[in-house]
Amino acid sequence: MAAPIVESPRAGRISPQYRRSGSSKGNFEMFAWLFMRLSGVVLVVLIFVHLWTSLIAGDGIEGVDFGFVAGKWADPLWQVWDLVMLWLAMLHGTNGVRVIINDYAEKDSTRFWLKNVLYVSTVVIVVLGTLVIFTFDPCPVVNGVPHVADYCPAP
């Protein structure tokens, strides 16, 4: 015969530390969660179009060289496309690593320093990547000799 089911006096109750209160620190975590979902969907589109134009519609991996990138970045659309892809990918990844740090770093000081290293490296990569995209000269002049390609304006 089966043992009788004994209802715990606390069954169905929420422990006080998990109850929501009227005072909230804000909705940052909810917005971060929503950002991860939306940026993930946008990144899938950005990345697949990037891969399609670079590998499938082009000459494959052998066709990706300086001239290919220079021709692509001569068009402002592709500069903005790659910039949005860079920023979204970095913010998406940073948010994901931030969540991992919050979940697994046990000491407050460890969490603090890991997140500071994460944020500083994110800023450095985003700034450098943005500079590369917008200061890239697709028609360089080397030793006084212009390297003119079909995508460069006539001198």
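**Asn 116**

I started with Asn 116, which sits in helix α4. This is a predicted model, so everything I note here is read from a prediction. Buried or exposed, or partly exposed, I wondered about Asn 116? It comes out partly exposed, because its relative accessible area is 28% and the partly exposed band runs from 20% to 50%. Then I looked up how far Asn 116 is from Arg 98: C-alpha to C-alpha the gap is 10.0 Å, with their positions 18 residues apart in sequence.

**Further along α4**

I stayed on the helix that spans residues 108-135, α4, and went to Gly 129, also found there. Gly 129 has 16% relative accessibility, so I put it down as buried; the cut-off is under 20%. I checked Gly 129 against Leu 86 next. Their C-alpha atoms are 7.3 Å apart, although 43 residues separate them along the chain.

Leu 131 was my next stop in α4. I have it as partly exposed, because the relative accessible area is 45% and exposed would need over 50%. From the C-alpha of Leu 131 to that of Leu 83 I get 9.9 Å, for a pair 48 residues apart along the chain.

**Whole chain**

I stepped back to see what the chain is made of. I count four helices and two strands, and going along the sequence the order reads α-α-α-α-β-β. How many of the 155 residues count as buried? My note says 23% of them.

**α1 against α3**

I turned to a helix pair, α1 (residues 28-56) and α3 (residues 76-104). Two packed helices are described by the angle between their axes and by the distance between those axes, so I looked up both. The axes come within 9 Å and cross at roughly 140 degrees. That makes the α1 and α3 pair oblique, because roughly antiparallel would take an angle over 145 degrees. I also noted the hand of the crossing where α1 passes α3: left-handed. As for what makes up the contact of α1 with α3, by class I find 17 nonpolar, eight polar and three charged residues.

**Largest pocket**

Last, I went to the largest pocket, with a volume of about 160 Å³. Which elements give two or more residues to its lining? I find α1, α2 (66-73) and α3.

I wrote out the lining residues too: His 50, Leu 51, Ser 54, Leu 55, Val 64, Phe 68, Val 69, Lys 72, Trp 73, Asp 82 and Met 85. Sorted by class, the lining of the largest pocket has seven nonpolar, two polar and two charged residues. One thing I jotted in the margin is that α1 and α3, the helices of the oblique pair, turn up again among the elements of this lining.

Note on methods:
Residues numbered from 1 in each chain as written. Predicted model: local features only at pLDDT ≥ 70, side-chain atom pairs only at ≥ 80, totals over all residues. Heavy atoms only, no water. Axes fitted to C-alpha atoms, helices over the stretch in contact; angles between N-to-C directions. Parallel < 35°, antiparallel > 145°, perpendicular 65-115°, else oblique. Left-handed = near helix turned anticlockwise from the far one by under 90°. Nonpolar A, V, L, I, M, F, W, Y, C, P; charged D, E, K, R; others polar. 1 Å grid on protein atoms, 1.4 Å probe; cavity = no way out; pocket = protein on both sides within 12 Å on 5 of 7 lines; lining within 4 Å. Points joined across faces, edges and corners; volume = space filled by probe spheres on them. Buried < 20%, exposed > 50% of the residue type's maximum accessible area, 1.4 Å probe, protein only.
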